[in-house]
Amino acid sequence: MSATAQPARPLFARLRTEASPIQVVAALLVAAFLLAFLIVPVGRVFVVAFQAGDGGFTLVHFADFFRTSLFIESFWNSLYVASMSVVFASLIAVPLAVILARYRFPGTALITTLGVLPLVMPPFVGAVAMQLVFGRNGTVNLLLMDWFGFRLDLMEGLNGVIFVQSLHYFPFILMNLTASLSNVDISMEEAGQNLGAKNFTLLRRIVLPLALPGYLAGASLVFVKVFDDLATPLLLNVTNMLAPQAYLRVTSVGLGDPMGYVISVILVVVSVAAMGLAALLLRGRDYATQQRGGGGLGRRELTRRGLILCWCFVVPVLFLVLAPHFGILLLSLATIWSFSPLPDAFTLEHYGTVLRETPQFITNTLLYCGLAGLIDVVIGVTIAWLVLRTKLPGRKLLDMAAMSALAVPGLVLGIGILRTYFDVKLWDGASLATSWIMLTIVLAVRRLPYALRASTAALQQVHRSLEEAAENMGAGKVTTLRRIVVPLMAGGLAAAFVTSFATAAVELSATLVLATRDVDAPLSYGIYIYMQSAAGRGPGAALGVIAVLVVAICTFAAHRFAERERSRRTRSSDPRAE
């Protein structure tokens, strides 16, 4: 049998035969949203960075960047901080992941829970708390001076940023590596044992290399997050890094200064390069498992010596993980906390202050992040439906465009939005770029990749035969979607909404650029403003505790909802449960 190559049909002909009008309209609406609020703003940043005074193309701005010693220093500092954060985060996460995945260890559930806890606290809130605990006049250094006569400068300069970022982002490596280690084919380990490999050799030569995809996924995420972070260096008064320099150029020199755009382009290029390098390192290698029935890596019993060594590592790590949370809670309840290991006395006045004077920070967060979550769910489900259930030409480009938001720092998107929409005026004369509407849209764009992946996973679990059965019974496309597909996706949609809501609640980079008035600002902006003065640290810490509670409640709700949906599906699919 021979196959004859068919000539490619024109796009409009393919649209007529492969897509319905509803699908085309849905795709056009999603494309317009991404074009208006992601592609055009980021494109404007790139255009301005390469634009001469007469409108032509130029590389002069980049030459100026590499001729300015402060920018060169900032570039290397950002690379150094991001790289060292990956190193120190790996030193914490890799042993923890091996302990959790490879050994039967008492307290595994506790370590797993506490290992994710740093992500619940916004990194800039953690920076303030870490100063109180590990700062030059913090609790640890005061005790060290009293007891041993020396102090540790853990929170000074770039070292402070590395210390805070490592502790905040190591869960990305921990979660990815633990999952990857759990999926390593047990037969590979047995083959290594049969060839004489034991203990550390087995771990180094067999297990860890097979888990490399999980490690690289987490490490690249840590690098990108640290490299682009704005709030933590600013709160630690470290301005000789790229993100703070871009923010300071735009806010102090103005939107017309090209250097902020040049730095933004470099931030995007390095972020994309880091993700590309991680993919390149895995290229051409086979990590696929051949196990059947979900066997996974075998867990072993620990010897007494091994158990002692594990606890000697786990206990200090848990202390470091919990230190920011205790620090921010104590500061929110402290009357005076200065040059003493603990506060002089405790009060609830700071909570009263923020609830009485600035309740809009809380209500704005609930409104903006709630709307952003809804936008993400609607757009995420639409893209997932177009990709998985239609043959619409160009549907995968929509998916790629939405996912590209992962590589765009919040600072860059905020600058692009300012440049694109600053001259567009609302009915009251205010700029659209600095309105709460635009802030909500930016929060939605930044979190869209999370909602899209959750929606795609939820739709993939709905079998096509259920939709075909409904349509065979006479239900239309819309009725099938409303009565069959959406209810079956409820768990995934709720997870997508809560993930978007919780992560948007702690967004600061874009918020600092776009929020210009306290009445329009969310929690993250309020915390940053309060923390700028010594008198505002107590109320700022109270807002930080509220932010942590909001994120923790949302995360817990998402977890419970997902578990309940999983249990319900298990019961409904298992006849023995009836």
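Accessible areas here come from the Shrake-Rupley method with a 1.4 Å probe. The model is predicted.

**Figure 1. Overview of the protein and its exposed surface.** The protein exposes about 28100 Å². Carbon and sulfur atoms supply 65% of that area. The fold contains 26 helices and two strands. Of the 578 residues, 49% are buried. Take the contacts between residues at least 6 apart in sequence: 76% of them join residues at least 24 apart.

**Figure 2. The largest nonpolar core, with Leu-34 in close-up.** This core has 162 residues. Leu-34, Phe-65, Leu-411 and Leu-543 have the most contacts inside it. Helix α4, residues 69–102, gives the core its largest share, 15 residues. Apart from this core lies another, of 11 residues. Its members include Val-377, Val-381, Leu-459 and Leu-493. In soluble globular proteins, nonpolar side chains tend to be buried together. Back at Leu-34, residues up to four places away in sequence are not counted as partners. On that basis, Leu-34 touches Ile-39, Leu-398, Ala-401, Ala-402 and Leu-448.

**Figure 3. Thr-232 and the residues around it.** Thr-232 lies in helix α12, which spans residues 231–235. The relative accessible area of Thr-232 is 0%, so this residue is buried. Leaving out residues up to four places away in sequence, Thr-232 touches Pro-123, Phe-124 and Ala-127. Val-164 and Gln-165 are also among the residues that Thr-232 touches.

**Figure 4. Two cysteines, Cys-312 and Cys-369.** A disulfide is a covalent bond between the sulfur atoms of two cysteines. A search of the whole structure finds zero disulfides. Cys-312 is in none. The nearest cysteine sulfur to Cys-312 belongs to Cys-310, 9.2 Å away. The cut-off for a disulfide is 2.5 Å between sulfur atoms. Cys-312 has 53% relative accessibility, so Cys-312 counts as exposed. Cys-369 has 1%, so Cys-369 counts as buried.

**Figure 5. A nonpolar patch on the surface, with Phe-148 in close-up.** The patch is formed by Trp-147, Phe-148, Phe-150, Leu-152 and Leu-154. Together these residues have about 550 Å² of accessible area. Phe-148 lies in helix α7, residues 139–148. With a relative accessible area of 57%, Phe-148 is exposed. The cut-off for exposed is over 50%.

Notes: Residues are numbered from 1 along each chain as its sequence is written. This is a predicted model: local features need pLDDT of at least 70, side-chain atom pairs count only at pLDDT 80 or more; totals for chains, interfaces and linings use all residues. Side-chain values use heavy atoms; hydrogens and water are left out. A nonpolar core is a set of buried Ala, Val, Leu, Ile, Met, Phe, Trp, Tyr and Cys residues joined through side-chain atoms within 4.5 Å. Buried means under 20% relative accessible area, exposed over 50%, partly exposed in between (1.4 Å probe, protein chains only). Helices (H or I, at least four residues) and strands (E, at least two) are DSSP runs, numbered from the N terminus. Contact means heavy atoms within 4.5 Å. Patches are made of residues with over 30% relative accessible area and no salt bridge: like charges are joined within 9 Å, nonpolar side chains (Val, Leu, Ile, Met, Phe, Trp, Tyr) within 5 Å. A salt bridge is a side-chain nitrogen of Lys or Arg within 4 Å of a carboxyl oxygen of Asp or Glu.
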